[in-house]
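Subject: Structure for you to look through

Dear colleague,

I am handing over the structure we spoke about, and I would be glad if you looked through it alongside the notes in this email. Please open it before you read on.

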Amino acid sequence: MKLLLLTLTMLLLLSQLTPGGTQRCWNLYGKCRHRCSKKERVYVYCLNNKMCCVKPKYQPKEKWWPF
């Protein structure tokens, strides 16, 4: 009985300590969050109204087309 209680306690603690499954966006290079870190920028918005935080090296470069 003590082993069962110990096992359930450990599973509960591990489920709280591991980060939740954040939704991925922008071809799996970004993460949907309420706030982006300093090293990330917002490029698009996710379907759940959160910002898609993407590192600048994965964002497409702007091309200026000469007319």
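The notes below go from the overall layout to particular residues.

Please keep in mind from the start that this is a predicted model. The average pLDDT over the chain is 81, and 82% of the residues reach a score of at least 70. Confidence is not even along the chain, since the mean is lowest in α1, at 72, and highest in strand β4 (residues 51-54), at 93. Where pLDDT is low, the predicted coordinates should not be read in detail.

As for the layout, the chain contains one helix and four strands, and starting from the N terminus these elements follow the order α-β-β-β-β. The chain has 67 residues, of which 15% count as buried. An unreviewed UniProt entry carries the annotation "domain: Beta-defensin" for residues 24-53. Within residues 24-53 the model shows 0% helix and 47% strand, and the C-alpha atoms at the two ends are 9 Å apart.

Turning to the helix, you will find L11 in α1, which spans residues 2-17. L11 counts as exposed because its relative accessibility is 54%, and the cut-off for that word is over 50%. Together with M1, L4 and L8, L11 forms a nonpolar patch on the surface, and the accessible area of these residues together is about 490 Å². Since the helix is also where the mean confidence is lowest, I would describe this patch with some care.

How many salt bridges does a search of the whole structure find? The search finds one, and it is formed by the side chains of R33 and E40, with a distance of 2.7 Å from N to O. The two partners fall into separate classes of accessibility: E40 has a relative accessible area of 14% and is buried, because buried means under 20%, whereas R33, with a relative accessible area of 25%, is partly exposed.

The structure also holds two aromatic pairs. In one of them, the ring centres of W26 and Y43 are 4.7 Å apart and the planes stand at 65°, so the pair is edge-to-face. Because W26 is placed in the loop between β1 (24-25) and β2 (30-33) while Y43 belongs to strand β3 (residues 41-45), this pair ties together parts that are 17 residues apart in sequence. Both rings belong to partly exposed residues, with relative accessible areas of 26% for W26 and 39% for Y43.

Is the pair of Y29 and Y58 stacked or edge-to-face? The centres of these two rings are 4.3 Å apart and the planes are at 10°, so the pair is stacked. This pair links distant parts of the chain, with Y29 in the loop between β1 and β2 and Y58 in the segment after β4, 29 residues apart. Y29 counts as partly exposed at 43% relative accessibility, and Y58 likewise counts as partly exposed at 33%.

One further distance involves W26, which, as noted, is in the loop between β1 and β2. W26 and C53 are 27 residues apart along the chain, and their C-alpha atoms are separated by 8.9 Å.

With best wishes,
A colleague

Conventions:
Residues numbered from 1 in each chain as written. Predicted model: local features only at pLDDT ≥ 70, side-chain atom pairs only at ≥ 80, totals over all residues. Heavy atoms only, no water. Patch = residues over 30% accessible without salt bridge, like charges linked within 9 Å, V, L, I, M, F, W, Y side chains within 5 Å. Areas by Shrake-Rupley, 256 points an atom, 1.4 Å probe, with all protein chains shown as cover. Salt bridge = Lys/Arg side-chain N within 4 Å of Asp/Glu carboxyl O. Buried < 20%, exposed > 50% of the residue type's maximum accessible area, 1.4 Å probe, protein only. pLDDT = per-residue confidence, 0-100. Phe/Tyr/Trp six-rings, centres within 6.5 Å; stacked < 30°, edge-to-face > 60°. UniProt positions renumbered as here; feature names shortened; annotations may be inferred.
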